[in-house]
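Welcome, and thanks for taking a look at this one with me. Here are a few notes to help you find your way around.

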Amino acid sequence: MAARKRASTDSSAQTKPSETTTRPKPQEPPLTDPPIAPPKSGVILKLTLFFAVPYFYLILYHYKIEHELRKSILINAALSLAGFFVTVKMIPVASRYVLRRNLFGYDINKKGTPQGTVKVPESLGIVVGIVFLVLGILFQYFNFTADSNWLVEYNAALASICFMVLLGFVDDVLDIPWRVKLLLPSFAALPLLMAYAGHTTIIIPKPLIPYVGLEVLDLGWMYKLYMGLLAVFCTNSINIHAGLNGLEVGQTVVIASAILIHNIMQIGASADSEYKMAHAFSLYLVQPLLATSLALFSYNWYPSSAFVGDTYTYFAGMTMAVAGILGHFSETLLIFFAPQVLNFLLSLPQLAGIVPCPRHRLPRFDPGTGLLTGTNDGTLVNFFLRRFGRMTEKSLCIYLLVFQAIACCFCFVLRFFLAGWYK
């Protein structure tokens, strides 16, 4: 994670209230020349083709989806595509303004090299969050009527995501302590929990039914508590599995792609209209998340010309948590988050204060060789370096994203073999 540097004020140079001095205004960066490198279009094109081809094959050909439902999915996809281009254009504009307010960071993993002295604009996840919310609001015009049963929960979902974007940006600006960060998603999830009108039951796994004596168990308020804890985990797990160019956005892109494919598979395989709508609801949130994240990824991939900040990690985690909660596939979501679960377990001794926890739990960078060396800090990033040896930042990020993809594929394989036996 980048070390943030803000403008400081020298107390000895301050004038007294009664003194009047004329100071030249600080020269602001020009608003005409973009301060960041252009987007890495080649990387995004390859990723888009890799994920879009199987996804749209499932929608248009493999599954026989009702015309109206397919139409709403494609409308949402078209809006998401427009959001991608808007985000690509807005990030350079926003970067100028965050630099003017000294919201920038230095890339610690390039310290000692010329790239390590470049001011990289930070907190640009705010652009993704704003574009996503505008797309979510506009989509209501095409899909929901005023008396729709899903409209209340949809607006509550957007409210929770908006609240999380705000709190994430506040964290970027004020640098909130960790103990407070853990609580922020709890407050952001309140609109969703208060408006949730779905079932609060869980299906008992078939092997456990003889021991429990029930096929369906109503958890009541405990189910809402579980949803709140899931939101807290998803937001913070994305935030702590970080520290490399492209890692925060990359893991979101992989998980969001898996969620989309899972939703389409469930819509195509089910005959229950309510079940289909739940997964369509999840899909309406994740399509714009994936599109806007790909736009940010084009700037954040190695070498990064934009840092996402806690604004993005909180926003992405909350959006996927909301999609899993209202799509009723929280168990599947947790398997998609398997690397984040492992990273959390490795981090737990330091997060709990049992082991000293430094501010930045990053690997050591050797400017002579350009390689990273793992430290004893409890993160998946350092674990991979200790296990597989020294490597470049780009290679390490690719390894971690491939591991993320393997975890998602494992989830699909597991669901295939357990179908009909587990539930």
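**Notes on the core, a cavity and one helix**

1. Let's begin with the core. The largest nonpolar core has 105 residues, and Ile73 and Leu396 are those with the most contacts inside it. Helix α11 (residues 273-300) gives the largest share of this core, 15 residues. Please keep in mind that the model is a predicted one.

2. Which residues does isoleucine 73 touch, leaving aside its neighbours within four places in sequence? Its contacts are Tyr55, Ile59, Ile264, Ile267, Leu283, Tyr284 and Gln287. As a general background, nonpolar side chains in soluble globular proteins tend to be buried together.

3. Next, the empty space. The structure holds 1 cavity of 30 Å³ or more, and the largest cavity has a volume of about 40 Å³. Its lining is made up of Asn76, Leu79, Ser80, Leu135, Gly136, Phe139 and Pro288.

4. Where does that lining come from? Helices α2 (67-100) and α3 (125-143) each supply at least two residues of the lining of the largest cavity. Sorted by class, the lining has 4 nonpolar and 3 polar residues, with no charged residues.

5. Finally, have a look at helix α9 (residues 221-240). Its 20 residues should span 28 Å at 1.5 Å a residue, because the expected span counts one less than the number of residues. The end C-alpha atoms of α9 are 29 Å apart, which agrees. Helix α9 is also mostly covered, with 14 of its 20 residues buried.

Note on methods:
Residues are numbered from 1 along each chain as its sequence is written. This is a predicted model: local features need pLDDT of at least 70, side-chain atom pairs count only at pLDDT 80 or more; totals for chains, interfaces and linings use all residues. Side-chain values use heavy atoms; hydrogens and water are left out. Helices (H or I, at least four residues) and strands (E, at least two) are DSSP runs, numbered from the N terminus. Buried means under 20% relative accessible area, exposed over 50%, partly exposed in between (1.4 Å probe, protein chains only). On a 1 Å grid over the protein atoms alone, a cavity is a set of points where a 1.4 Å probe fits but cannot get out, and a pocket is an open set with protein on both sides within 12 Å along at least five of seven lines; lining residues have an atom within 4 Å of a point. Grid points are joined across faces, edges and corners, and a volume is the space filled by probe spheres set on the points. Ala, Val, Leu, Ile, Met, Phe, Trp, Tyr, Cys and Pro count as nonpolar, Asp, Glu, Lys and Arg as charged, and the others, Gly among them, as polar. A nonpolar core is a set of buried Ala, Val, Leu, Ile, Met, Phe, Trp, Tyr and Cys residues joined through side-chain atoms within 4.5 Å. Contact means heavy atoms within 4.5 Å.
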